[in-house]
Amino acid sequence: MTDLWNTLVYYFQFPFVQYAMIVGLLIALCSSLLGVTLVLKRFSFIGDGLSHVAFGAMAVSASLNAVITIENDMIVVLPVTVLAAILLLQTSQNAKIKGDAMIAMISVGSLALGYLLMNLFSNSPNISGDVCSTLFGATSILTLTLPEVWLCVIMAVIVIAVFLLFYHKIFAVTFDENFASATGVNANAYNLLIAVITAFIIVLAMNLVGSLLISALIIFPSLSAMRIFKSFRSVILCSAVISVICAGMGIILAILFSTPVGSTIVAADIAVFILFSILSGVLSRHEKA
Amino acid sequence: MGIQLQCKDTALGYDGRVVLQGLNFVVSEGDYLCILGENGSGKSTLMKTLLGLHTPSRGEIQFCGDTSQKEIGYLPQQTIVQRDFPASVQEIVLSGCLSRCGFRPFYTKQEKQLAGEIMQKLGIMDLNKRCYRELSGGQQQRVLLARALCSARKMLLLDEPVTGLDARASHEMYELIADLNQNDSVTIIMISHDIQASVNYASHILHIGGRQLFYGTKREYLQSKVGQAFLEMGGVMHD
C-alpha cells in the first residue's frame with residue numbers, strides 16, 4: 001500500500017500528470033452537467049454522432065498538417081463539430097427526414113472517411129497508433145502542453161458559466177418544450193445552445209477518453225444519479241460528483257497500473273452505475289415493505 | 001365584462017395549408033369557453049395559434065384591453081419525456097414563473113411565494129418535495145395546472161385536461177377548474193373531447209371542424225342542430 005502511495009506521489013511531481021488530472025476533472029464535470037439534459041431530452045444519440053464527426057475532423061486536420069502546419073487541431077475540429085451539432089439538431093427536429101438515419105449516416109460516414117484520409121495523406125510514421133489514440137484517448141491526456149491545458153480550462157469555465165446562467169431555462173426546455181415556448185422562452189434557441197455546448201464538451205473530451213468513449217462519459221453519471229435521486233437539481237449535483245470522482249479514480253488507477261486512461265475512467269463509471277442500480281433496487285424494496 | 005380576445009374571419013394553418021377558416025368569436029373576462037371538434041378538426045392548430053406558436057394565415061387574433069398573449073397560462077398534454085423525469089413538484093411549479101425572469105438567472109422571493117400560494121390553493125403544498133414521476137395522474141395534472149397559474153392568472157388554456165385520468169380524478173379536476181373560473185374569475189379556454197363535461201361546465205361553446213360550425217352560449221348550442229347531433233353522438237359513445 002505504501003509502495004502504491006509512493007509511486008503516486010512520485011508521478012504527481014511531473015507537470016504532465018498534474019495537467020492530466022486538472023483537465024480530466026474539468027472535462028468530467030462539464031460532461032456530467034450536460035449529460036442529464038441530453039439523456040432526458042433523448043438527445044444522447046446526438047452526442048454519439050458528434051463524437052464520430054469530431055474523429056473525422058481530427059483526421060482532416062491531421063491530413064492538412066501534411067500540407068500546412070496546424071498548431072492546434074482544435075482550430076479545425078471545434079468549428080466542424082459545432083456545425084455538425086447544429087445540422088444534426090435541425091434534422092432531428094425535421095419530421096420529413098428520418099433523424100436517426102441521418103445521424104447514423106453522418107457518424108459512420110465521418111468515421112470511414114476520417115480513417116481513409118489518415119491513411120492517404122498522413123505522413124506520420126505510426127498511423128494505427130494515431131488512430132487508436134484518437135478513438136480511445138490512449139495517451140493523449142498525458143501529453144498535454146501548457147497552452148492546451150489553458151484552452152481546456154477556459155472552455156470548461158465557459159461551459160459551466162453558461163450552464164449556471166441558463167440553469168432554469170435549460171430545466172424548463174428539458175421538462176416541457178411546448179410549455180416553455182408558449183410562455184415566451186425561445187426553445188429552439190436553447191436547443192441550439194445545448195447542442196453547441198455539447199459539441200464543445202465532445203471536442204474537449206476527445207483528449208481524455210478518445211472519441212469512441214465520450215458518450216459513456218456523458219451518459220453513465222447521469223443515468224446512475226437518476227436511479228437514486230428525485231429532483232432535477234439533486235440529479236445534476238450527484239451526477240457531477242460521480243463523474244468527477246470516477247475521472248479522478250480512473251486517472252490514478254491508470255497511472256498506478258499503466259492501463260489506458262479513457263477506458264479505465266469508463267470502467268469506473270460503469271461500476272458506479274451497477275452499484276447505484278443495485279442500491280435503487282434495494283431502496284424501492286425497502287420503501288414497499 | 002371586458003373583451004379579452006377576438007377573432008374576425010380568421011383562417012389558420014401551417015406550411016401554407018389552411019386547416020381552419022371562418023373563425024368569428026370573442027372571449028370575455030370570466031368566460032368558460034369549450035372548444036369542441038373531432039380529431040383533425042384544427043383544435044391543436046387553433047390552440048398553438050392562440051399561444052403565438054403559429055401565425056394566422058388570414059386575419060388575426062386580437063388581444064384587447066390589458067390582456068396580451070403573455071397573459072395566457074397553458075396546460076399542455078403530458079409528453080412521454082415527463083413520465084420518468086426526475087424533478088420535484090416545486091421545481092416544476094416554479095418553472096411557470098420563467099416568463100417573468102427575462103435574462104435573470106434565478107427566481108426572486110416573490111416568485112417563490114407566489115408559487116407557494118398557488119400550490120396551497122390547489123392542495124398540493126404537501127407534495128412540494130415529492131418527485132413528479134411518483135405522483136398519481138390527478139396529482140400530476142394539478143402540478144401542471146399550478147405551473148400554468150404561475151405563468152398567468154387571467155386566462156388559462158387547457159388542452160384536454162382529463163386525458164388518462166379516472167372518473168373521480170376527472171371530476172375533481174373539472175371542479176377545480178370551475179372553482180378557479182367562478183371564484184378567481186380566471187377566463188378558461190378548454191379543448192375537449194368530453195362533450196358531457198363541456199356542456200356541464202362551459203358558459204360558451206366553439207365547435208369546429210375545418211371551419212367554424214358553431215359559436216355561442218351553451219344554451220344556444222343545446223338548441224342548435226350541430227349541438228344536438230353532436231350530443232347524441234357523444235351520448236352513444238359514452239354509454
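So, confidence in chain B: the average pLDDT there is 84, and 97% of the residues score at least 70. pLDDT is the predictor's confidence in each residue, on a scale from 0 to 100. And yes, this is a predicted model, where local features need pLDDT of at least 70 and side-chain atom pairs count only at pLDDT 80 or more, while totals for chains, interfaces and linings use all residues. Residues are numbered from 1 along each chain as its sequence is written, and chains are lettered from A and ligands numbered from 1 in the order in which they are written.

Among the elements of chain B, helix α3 (residues 89–94) has the highest mean pLDDT, 92, and helix α10 (residues 225–238) the lowest, 68. By helices and strands I mean DSSP runs numbered from the N terminus: H or I over at least four residues for a helix, E over at least two for a strand. Over residues 235–239 of chain B, pLDDT stays under 50. For the complex, the predictor gives an ipTM of 0.85 and a pTM of 0.85.

Now the sheet. Chain B has six strands in an open sheet with mixed pairing, and the order is β5-β6-β7-β3-β8-β9. Two strands pair if DSSP finds at least two bridges between them. β5 (72–75) and β9 (212–217) of chain B stand at the edges with a single partner strand each, so one side of each has no neighbour in the sheet. From one strand to the next, the twist averages 15°. Angles like that run from 0 to 180 degrees between N-to-C directions, with axes fitted as lines to C-alpha atoms, for helices over the stretch in contact.

Let's zoom in on one pair. Strand β8 (residues 204–208) of chain B runs antiparallel to β9(B), and five bridges join them. If you want a spot to click on, B:H204 stands opposite B:T217 in β9(B). There's a helix here too: α6 (residues 137–151) of chain B lies across β5 and β6 (155–159) of chain B, at about 165° to β5(B).

Last stop, where the chains meet. How many residues does each chain bring to the contact? Chain A gives 26 residues and chain B gives 20, with contact meaning that C-beta atoms, placed from the backbone, lie within 7 Å. On the side of chain A that touches chain B, α7 (146–165), α8 (167–175), α9 (177–182) and α12 (232–257) of chain A each supply at least two residues. The largest share of that side, six residues, comes from α8(A).

Conventions
Contact = placed C-beta atoms within 7 Å.
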